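Here's a quick walk through one model, written for someone who likes to check atoms against claims. Take a look at the sequence and structure, then read on.

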Amino acid sequence: MEQYQVTGMSCAACSSRVEKAVSGVPGVTSCAVSLLTNSMGVEGTASSADIIRAVEAAGYGASLKGAEAQASSGASPSWADAEALKDHETPKLKKRLLFSVPILLILMYFSMGHGMWGWPAPKAFDNLVFLGLFELLLAVVVMIINQKFFTSGFSSLFHGAPNMDTLVALGSGASFVYSLAELFLMILAMGDGRHEIVMKYGMNLYFESAAMIPTLITIGKMLEAMSKGRTTDALKGLMQLAPKTAVLLRDGVETEVGVEEVKTGDIFVVRPGEQIPVDGVIVRGMTAVNESALTGESIPVDKAEGDTVSAATMNQQGYVECRATRVGEDTTLAQIIRTVSDAAATKAPLARIADKVSGIFVPAVIGLSLLTLIGWLLAGKPFSFAIARGISVLVISCPCALGLATPVAIMVGSGVGAKTGILYKTAAALEGAGRTQIIALDKTGTVTEGQPRVTDVIPFGRDRDALLRLAVSLEKSSEHPLAKAVTAEAEGMPLPEVSDFEALPGHGLHARLDGKELLGGSLRFLRSKGLADESVSARANALAEEGKTPLLFAYDGELAGIIAVADPIKADSAQAILELRDMGVRTVMLTGDNERTARAISRQAGVDQVIAGVLPEGKADVIRALKTLGKVTMVGDGINDAPALTVADNGIAIGAGTDVAIDAADIVVVKSRLSDVTAAIRLSRATIRNIHQNLFWAFFYNAICIPLAMGLYGVEMKPMYGAAAMALSSFFVCMNALRLNLVKPHDAGHDRKEKSIPAEALEEIVAAETIKEEKTMTKTLKVEGMMCMHCEARVKKALEAVPGVAAAVADHDKGTAVVTLTAPVEDDVLRAAVEAQDYKVLGVE
């Protein structure tokens, strides 16, 4: 998406006009204009020159976002965008008001205070013609100070695209022209000596309205600009986090340079209390880094050599040297800024209603104003009464409230999300997440941690540490992934040395400690040695039923104990899934793992349904089937999740996932925790409610105020009161959107349970998809030697590398590997692939 800065827009009718003009350019596939940020996002093959010409032909100005600031200062695009987001409008409006208000107050004193209520004034002002001329001069001055309304309004009218400025210009201009005509008639009547006519016309002058209308609208515009400025505070805050300088290490000498000069591969140094300038990898030193700027988590994260660091995070403890890996617009911070900015430049589906209304709103109001004027004249009312009603209709109508209702809420919602590590790529994603009815969850890395660790240590006849010392003494020489998990559990313990170490592939480990035999391995291995009775087997099988891999250890002919290893569910997964259920969202877990492991994890996490043994393309098919029931959001982190993330109504990528998954997703959660997915839905629902409130107010305001201004309720509204009401309407919408800053995305205390998909309907879909997975062309290999889930992974990887194999599901408990084929594959080829990994194939079915 290419982004442009658009100038000259004043209301929703303007943004609608620009969007229509650019959408008509050949090669443009989509265009979204944001009145809030005065920006435009364009997709397609059209050149920027053609797009800018189309905008200019519509009567507005455009430039590529950040182009001018970069050209003049060489600043990075993020800094240029920050400059574009600065509130340039409020100071200008304040200046106009500084001159307008004192003159208007003088005008009001003489026109209303003296003329109507007899406040003291020089004797000359008793002459109504002199008073009228004085009011005329002051009104002209105020109108010149606020001439932007007239130049923009009449320019838009001549371009055939009237906007809010047109309404103000017509309302103020009509008041002025009518009063000027009345003043001329007064002068003529005075010349003829008809003082009663002078008195009559003198009471019908609207010079104060001609000056009051643009002044009040300017006050409203200033309040709107100030509140709009606050809606982009989160985005501006992110941009201000970007460090300006970096200290590079060149030939052993530290040199401070501008951050834009840092290149990939450069070595930079960071001292305690300094910001990290670009993304990198620590090559020397240890420290603790506060990453709250990116993740919202204030607890420092320990970092050592080989760990990654991100731009804008704070080094809190040690001196570190880092190698730059991502610089400029490729840093994590820059990508977050771009994501929030892109979301603001897109349109939510809810905005389409307001856009359609805004496109015809101003012409319709002008038509209503003329009908009001003609209607009251036909009803026999005097022209002064009819013109006042017509002018009131013009100045009370507010297209801005309609145009701002959605984008201000989207901007604030996106900003709140960014501050808590939730990134919505588009406005549609922000809206769509709140409509989620079913969440499909990948298992590994999403519900679970994705890394094996020790979950249970069960010693027999000795204490826990003694069992760990025996186990780690044996396992430390092994390269098996489970061995690493066991070794990590006993980190720092003094360990005895073993001799005669031997790894028996697929079976277990053998060594000698103090001359005595030390064994470790699967239940099958220890049973073959006669060291595991029925009670031990029952205990090991119970652990296996929980999705864990039991490792048994024996020393000197006696069973020493059991250590269970598993990929455990994340600490917050069960609570997050419970909160989803309380919000009325159904959960389905999709995994390529075997049925027993999948069922065990689903019980722990509390998901509604689980489908095991699913292929990557099968996940996408499941999502399509679930979409027949309602809105589906897919949550995943791996390359194999990308097809499903794309097919789902909304895709959410866990932040620690692969780049492919993140690219395919609509929403990215920076931290790898499932509670952020719940928070993303909660924040989306709050934003949708806020948009509904804003749209209701915008429609309600116009539906009530326009008939009121027309005089249909028997109220004779003065034009200046209409202008005051218009001035406050947009301000109200902006201030209501700012309430989203009070939303706490992780607070479940105010959750509302929405209507859920019937459990029976979900069960039917899951059952049908499970049967479909089972009916695919498969072969089952009987494999001897697998002892844990990592043996399963090894066999799985070997088989899936064979051409014609779509997927493989290995189960060490059953001693099988089930392969799904896309083309015929010879049994000998499958056998050879498995036996190359030191496992024995007993048969192929």
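## Salt bridges first

Lys-548 and Asp-456 form a salt bridge, with 2.8 Å between their closest N and O atoms. This pair ties together distant parts of the chain: Lys-548 sits in the loop between helix H22 (534-545) and strand E20 (549-555), Asp-456 belongs to strand E16 (residues 453-459), and 92 residues separate them. One thing to keep in mind from here on is that this is a predicted model.

Is Lys-548 buried or exposed? Its relative accessibility is 15%, so Lys-548 counts as buried, the cut-off being under 20%. The pair also has company, since Asp-456, Glu-546 and Lys-548 are linked in a network of salt bridges.

How many salt bridges turn up in the whole structure? The search finds 23. Here are some of them side by side:

| Salt bridge | N to O distance | Separation in sequence |
|---|---|---|
| Lys-548 with Asp-456 | 2.8 Å | 92 residues |
| Glu-254 with Arg-271 | 2.9 Å | 17 residues |
| Asp-50 with Arg-53 | 2.3 Å | 3 residues |

Glu-254 and Arg-271 form a salt bridge. Glu-254 lies in strand E6 (residues 253-258), while Arg-271 is in the loop between strand E7 (267-270) and strand E8 (279-284), and the pair again links distant parts of the chain. Glu-254 is partly exposed at 34% relative accessibility, and Arg-271 is partly exposed too, at 33%.

Asp-50 and Arg-53 are a local affair: both are in helix H2 (residues 48-57), about one turn of the helix apart. Asp-50 has a relative accessible area of 31%, so it is partly exposed.

## The overall build

Stepping back, the protein has 845 residues, 55% of them buried. It contains 32 helices and 30 strands. If you take contacts between residues at least 6 apart in sequence, 69% of them join residues at least 24 apart. The protein exposes about 35400 Å², and carbon and sulfur atoms supply 57% of that area.

Now for the inside. The largest nonpolar core holds 140 residues, and Val-18, Val-22 and Met-40 have the most contacts inside it. Which helix gives the largest share of this core? That's H28, with 15 residues. There is also another core, apart from this one, with 45 residues, including Ala-511, Tyr-555, Cys-788 and Val-834.

Val-18 is a handy residue to pick out in a viewer. Beyond its neighbours within four places in sequence, Val-18 is in contact with Val-6, Met-9, Val-33, Met-40, Val-55 and Tyr-60.

What about cysteines? Searching the whole structure for disulfides gives 0. Cys-14 is buried, at 0% relative accessibility, and Cys-791 is buried as well, at 1%.

## Loops worth a click

Val-327 is in the loop between strand E13 (320-326) and helix H13 (332-345). At 15% relative accessibility, Val-327 falls under the 20% cut-off and so counts as buried. What does Val-327 touch, residues up to four places away in sequence aside? The list is Val-262, Lys-263, Thr-264 and Val-278. Val-327 and Gly-265 are 62 residues apart in sequence, with a C-alpha to C-alpha distance of 9.7 Å.

Two backbone angles may also catch your eye. Ala-312 is not a glycine, yet its phi is positive, near 80°. Ala-312 lies in the loop between strand E11 (308-309) and strand E12 (314-315), and it is buried at 5% relative accessibility. Asp-514, likewise a residue other than glycine, has a positive phi near 55°. Asp-514 is in the loop between strand E18 (508-513) and strand E19 (516-521), but here the residue is exposed, at 67% relative accessibility.

## A nonpolar patch outside

Which residues make the nonpolar surface patch of about 600 Å²? They are Phe-696, Phe-700, Ile-704, Leu-712, Tyr-713 and Val-715. Val-715 is in the loop between helix H28 (675-710) and helix H29 (719-738). Val-715 has a relative accessible area of 37%, so it counts as partly exposed. H28 comes up a second time here, having also given the largest share of the 140-residue core.

Technical notes:
Residues numbered from 1 in each chain as written. Predicted model: local features only at pLDDT ≥ 70, side-chain atom pairs only at ≥ 80, totals over all residues. Heavy atoms only, no water. Patch = residues over 30% accessible without salt bridge, like charges linked within 9 Å, V, L, I, M, F, W, Y side chains within 5 Å. Areas by Shrake-Rupley, 256 points an atom, 1.4 Å probe, with all protein chains shown as cover. Salt bridge = Lys/Arg side-chain N within 4 Å of Asp/Glu carboxyl O. Helix = DSSP H or I, 4+ residues; strand = E, 2+ residues; numbered from the N terminus. Buried < 20%, exposed > 50% of the residue type's maximum accessible area, 1.4 Å probe, protein only. Disulfide = S-S within 2.5 Å. Core = buried A, V, L, I, M, F, W, Y, C linked by side-chain atoms within 4.5 Å. Contact = heavy atoms within 4.5 Å.
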